[in-house]
Structure formats: structure tokens, C-alpha cells
Amino acid sequence: MRLVFGEKDAPYEEARVVVLPVPYDLSLSFLPGARRGPEAILLASRELEPFLLELGAAPEEVGIHAAEPVPWVAGMAEESHRLIREEALKHLRAGKWLVALGGDHSVTHPLVQAHREALGEFSLLHVDAHADLYPEWQGSVYSHASPFYRLLTEGFPLVQVGIRAMDRDSLRLARKKGVALFPAHRIHREGLPLDEILRALGKRVYISLDFDALDPSLMPSVGTPLPGGLSYRQVVDLLEAVFREKEVVGMDFVELSPNGQFHAEMTAAQLVYHAIGLKGLQAGWLSREVDHI
């Protein structure tokens with residue numbers, strides 16, 4: 001049975017937003033299980049309150065359709081990534097705004113490629129505990145530790161927020177390539193530098209959010225947890241600023257690894273739903289029913 005996001009599943013032809021499950025996690029290097037992340041988010045979304053008090057609107061009213069999960073081929077990373085890219089392209093060419101649910105972070109590479117092919121140029125906002133700038137990891141260029149190295153070499157402007165794990169070579173590469181880096185320790189000491197982040201981004205932005213950007217006290221269900229992460233409020237404030245000032249062309253949320261702590265799955269589902277609402281307000285698909293709550 002196909003799972004849906006929230007309480008209402010819009011017919012595909014009427015939906016503005018497509019939620020695309022991408023249950024691929026063959027490149028994980030530590031704790032397994034991110035392939036179960038999309039299903040967990042969809043199941044948790046059933047328990048969400050459709051009306052979001054903070055937004056003064058019900059994001060489901062934009063029309064959300066949950067697509068069938070993208071298939072993957074065991075032992076064949078390149079072929080699996082091709083399938084992800086082609087499935088994303090299908091929905092983008094149909095005029096849908098795409099929210100992909102991973103899966104490990106390697107899936108961002110084919111998703112971003114599909115968005116560029118369908119929609120043209122944009123900058124990348126990468127929210128994560130890890131820089132993911134290794135040329136390869138454990139012998140594979142398709143690793144979840146490598147997508148942003150590949151995207152940098154393909155010419156995408158990159159802004160990274162919440163980073164707290166990065167090796168020397170990755171830092172040298174980031175400086176050489178002009179990556180705008182906003183590490184978690186700076187954010188905790190000085191506050192969230194929204195104006196700087198917005199200046200570093202282009203007019204059009206694709207957002208990739210690894211759930212381990214959140215502190216593990218809030219988000220323990222990830223494959224590579226690290227202390228010192230962002231708060232839920234900080235992440236929401238970041239998303240709100242970007243959606244308010246930029247055109248967000250697409251998003252992915254990755255690396256939820258369900259481990260029996262349902263509050264983490266609810267947190268993930270709520271964040272995805274909030275982002276859909278922000279897109280709805282930005283695009284004029286929604287209007288606030290109540291202001292100044």
C-alpha cells in the first residue's frame with residue numbers, strides 16, 4: 001500500500017508538491033537504517049496537526065502527493081543514482097515542486113543534477129553536521145560523505161550551515177572553492193547569522209538538510225550523531241529566512257535512521273511539513289489565515 005504524507009493525499013494532477021521517498025542507503029559508513037527514513041516520516045506525518053499555528057495556515061492545502069518510492073539496485077550505486085535522477089526529472093518536468101526524503105546523503109547528487117537539468121542554475125544550502133566534501137570515502141565516489149565534493153566540482157555555489165565535523169583537506173577545499181561556511185560552534189557563540197547566510201546565497205536556492213544537523217538530544221535517530229548541533233528553532237528560523245528572501249527550487253531531507261524513538265520521527269515530519277508550508281506562502285499557494293499570533 002502506498003503511504004501518503006499527512007491526512008490528505010492530493011491527486012497527482014492537482015498536486016503542487018510531490019513528496020518523493022528515496023529509500024537508498026547503500027553508502028552509509030556507520031549506523032545503518034536510513035532506507036527506512038522515508039517510510040517513518042510518512043507514517044509520523046499522519047499524526048501532525050494540519051493547521052500550523054506558527055504559519056497561520058494549513059500546508060496540506062497546497063496539494064501534496066506522495067509518490068511511489070524510487071527503486072534502487074543492490075550493489076550498483078551508479079545505476080541507483082541514475083534511477084533517482086530520472087524519477088526526480090519526471091516530476092520536475094510535470095511542474096511539481098519536489099521534496100525528497102532520503103535515504104543517505106549521497107542521493108542529493110542525482111537530485112540536484114535533476115533540478116539543474118529541469119530548472120537551470122541555483123546555489124546550494126547544505127545544513128548538516130558533516131561537510132561531506134571527501135573526494136571519495138571507503139573507495140566510492142558515491143558515498144554519503146562525498147556528494148558536495150562532486151557538486152562543487154560541477155560548479156554549484158555552496159553554503160554550509162551547522163557543520164561540526166570537517167577534516168583539514170575539506171577545509172582547504174572549501175576555502176579554495178569559496179564555500180561560505182557557518183559552523184555550529186560559531187552559531188552557538190554568536191547567534192545565527194541570517195543576514196550573512198542570505199548574502200552568500202544566490203537568488204535561487206536548493207536546500208539539502210541532513211537531520212544530524214540537529215543536536216542528538218533532539219534528533220537521536222541518525223546514522224552519524226554528533227553533539228553540539230542546532231536547535232529545532234534555529235533550523236526553522238534559517239528555513240523561514242531563506243524562503244522569505246529567496247526562490248527555493250527544491251529540497252531534500254536525509255539520513256533519518258529510525259531506532260524506536262518516535263519523537264525523532266515526529267520532529268522530522270514536522271520539519272518537512274513546515275518547509276512545505278513555507279514554500280506555499282512564498283509561491284502564493286497559501287495565505288496566512290491569522291497574523292501576529
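This report covers the sheet, one helix packed across it, and one buried alanine in a predicted model.

## The sheet

Eight strands build an open sheet. Their order is β2-β1-β3-β8-β7-β4-β5-β6, and the pairing is parallel. The edges belong to β2 (64–66) and β6 (180–182). Each has a single partner strand, so one side of each is left without a neighbour in the sheet. From one strand to the next, the twist averages 15 degrees.

## The β1–β2 pair

Strand β1 spans residues 17–22. Three bridges join β1 to β2, in the parallel sense. Within this part of the sheet, Val-19 stands opposite Ala-66 of β2.

## Helix α9 across the strands

Helix α9 covers residues 262–283. This helix lies across five named strands: β1, β2, β3 (97–102), β7 (204–210) and β8 (247–254). Against β8, helix α9 runs at about 175 degrees. The edge strand β2 is thus among the strands that α9 lies across.

## Ala-114 in helix α3

Helix α3 is made of residues 108–119, and Ala-114 sits in it. The relative accessible area of Ala-114 is 0%. Buried means under 20%, so Ala-114 counts as buried.

Which residues does Ala-114 contact, leaving aside neighbours within four places in sequence? They are Arg-85, Ala-88, Leu-89 and Leu-92. Ala-88 lies 26 residues from Ala-114 along the chain. The C-alpha atoms of Ala-88 and Ala-114 are separated by 6.1 Å.

Methods:
Residues are numbered from 1 along each chain as its sequence is written. This is a predicted model: local features need pLDDT of at least 70, side-chain atom pairs count only at pLDDT 80 or more; totals for chains, interfaces and linings use all residues. Side-chain values use heavy atoms; hydrogens and water are left out. Two strands pair if DSSP finds at least two bridges between them. Helices (H or I, at least four residues) and strands (E, at least two) are DSSP runs, numbered from the N terminus. Axes are lines fitted to C-alpha atoms, for helices over the stretch in contact, and angles run from 0 to 180 degrees between N-to-C directions. Contact means heavy atoms within 4.5 Å. Buried means under 20% relative accessible area, exposed over 50%, partly exposed in between (1.4 Å probe, protein chains only).
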